[in-house]
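Dear colleague,

I am passing on the structure below, followed by notes on the ligand site and the pockets. Please read them alongside the coordinates.

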Amino acid sequence: MSAAPLPLALTLGEPGGIGLDVTLQAYHRHRDLPPFYLLGDADALARRAACLGIEVPIEATEPSAAAGIFARALPVVAVGHPVVGEPGRLVPADAPAVIASIETAVEHVRTGLAAAVVTNPINKHALYGAGFRFPGHTEFLGELARRFGPGPSAGGAWTPIMMLAGPELRTVPVTVHVALAAVPGLLTTDLIVETGRIVAADLAARFGLKTPRLAVGGLNPHAGENGTMGREDDEIVAPAVAALKGLGIDAFGPLPSDTMFHPAARRGYDAALLMYHDQALIPVKTIAFDETVNVTLGLPFVRTSPDHGTALDIAGTGRARPDSLVAALRMAARMAAADAAGSPAGAAA
Ligand SMILES: NC(=O)C1=CN([C@@H]2O[C@H](COP(=O)(O)OP(=O)(O)OC[C@H]3O[C@@H](n4cnc5c(N)ncnc54)[C@H](O)[C@@H]3O)[C@@H](O)[C@H]2O)C=CC1
Ligand SMILES: NCC(=O)COP(=O)(O)O
């Protein structure tokens, strides 16, 4: 008889946002989800279910019992902080629970209690008053990864890479949570090469793509138009593409970033590397907002997340669609299985 699969650890997210809504709706509407437990506060979740007018059995428990409970109730593991969770409002007192749920999820994976981390969306600004010092989960998880041991980057660091994975498109922003004005100064050939190397390695190991094709988009209009619209594409991006090719990676570019996303172009690559956040996230969220998953590559554990944010404007109204969270839960389970088997399991969205 095989052992029950480890559950996924789902974080609380911003309790004033739609994280609680989509958690409840995902459990309510989809009976075939991989087992998961919410790290948070069972009372706050019950209050949101009442607010939404849906009946979801909720059971406070420990991670070790969660998989067994999942068929009859949504398991909730307490994080030691009360949660107010008022729909549409950021309550400073909620911040410690939000941060603790992320740390605890990672710790549960590290200690073998959970298979993977799935995060509900956070409002970063709301956390800064409680000592949070990262621009997003991606960077925070890179820091928490040190608990698994030294990473492969300089000084034993891990290099977390954001990838948005939809059914028809995967995109990777090379620079992530930074002001647009800072992007040209932060872009280096080494950064693009390191990003492409990690993307290629993880697509092979965790997504079953043996030799992934990476399309690299340019920074400037028309990829610089031979240097007449900016020199970065010739001086930084093109050498990075050449270096990636030198590593045996099927990379090409720099391509004009405005024409990389029409259907025929998308069929020519497995992932697109773009130079800044909105270049990467606008196309994938436009094409498939409800099915796209935010996945962090380059970590010693699996982390996925819905692509959307806290959506304070619709929290508690019943209008939040759970589809992206459902896709994130399913992808996390497939990736964790691939990691456990030590072989690709085709985790493609
Ligand atoms: N993984 C994370 O922690 C993420 C956090 N955020 C944070 O979320 C906050 C709000 O960000 P926004 O840019 O406004 O993006 P958002 O995704 O929260 O909302 C954008 C629009 O889409 C709608 N929407 C979002 N998710 C939906 C769903 N599941 N069903 C139906 N409609 C949905 C919202 O009502 C809103 O009109 C910010 O503080 C941002 O930093 C944003 C993205 C990811
Ligand atoms: N726009 C993506 C986003 O803000 C999510 O970032 P992260 O919290 O996953 O690092």
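Which atom of ligand 1 does a polar side-chain atom of His137 lie 3.4 Å from? The partner is an oxygen atom of ligand 1, and a side-chain N or O atom of Asn123 is likewise 3.4 Å from an oxygen atom of the ligand, while a backbone N or O atom of Thr310 lies 3.0 Å from one; a polar contact here is a pair of N or O atoms within 3.5 Å. Of the 820 Å² of accessible area that ligand 1 has on its own, the protein covers 67% (Shrake-Rupley method, 1.4 Å probe).

This is a predicted model, in which local features need pLDDT of at least 70 and side-chain atom pairs count only at pLDDT 80 or more, whereas totals for chains, interfaces and linings use all residues. Residues are numbered from 1 along each chain as written, chains are lettered from A and ligands numbered from 1 in the order written, and side-chain values use heavy atoms, without hydrogens and water.

Around ligand 1 there are 17 residues, the closest being Ile122, Gly309, Ala311, Asp313 and Arg321 (a heavy atom within 4 Å).

The largest pocket (an open set of points on a 1 Å grid over the protein atoms alone, where a 1.4 Å probe fits, with protein on both sides within 12 Å along at least five of seven lines; lining residues have an atom within 4 Å of a point) holds about 380 Å³ of space. Its lining comprises 19 residues, with Thr159, Pro160, Val174, Val176 and Leu191 nearest the centre.

Best regards

Technical notes:
Polar contact = N/O pair within 3.5 Å; in protein donor to acceptor, adjacent residues only side chain to side chain. Points joined across faces, edges and corners; volume = space filled by probe spheres on them.
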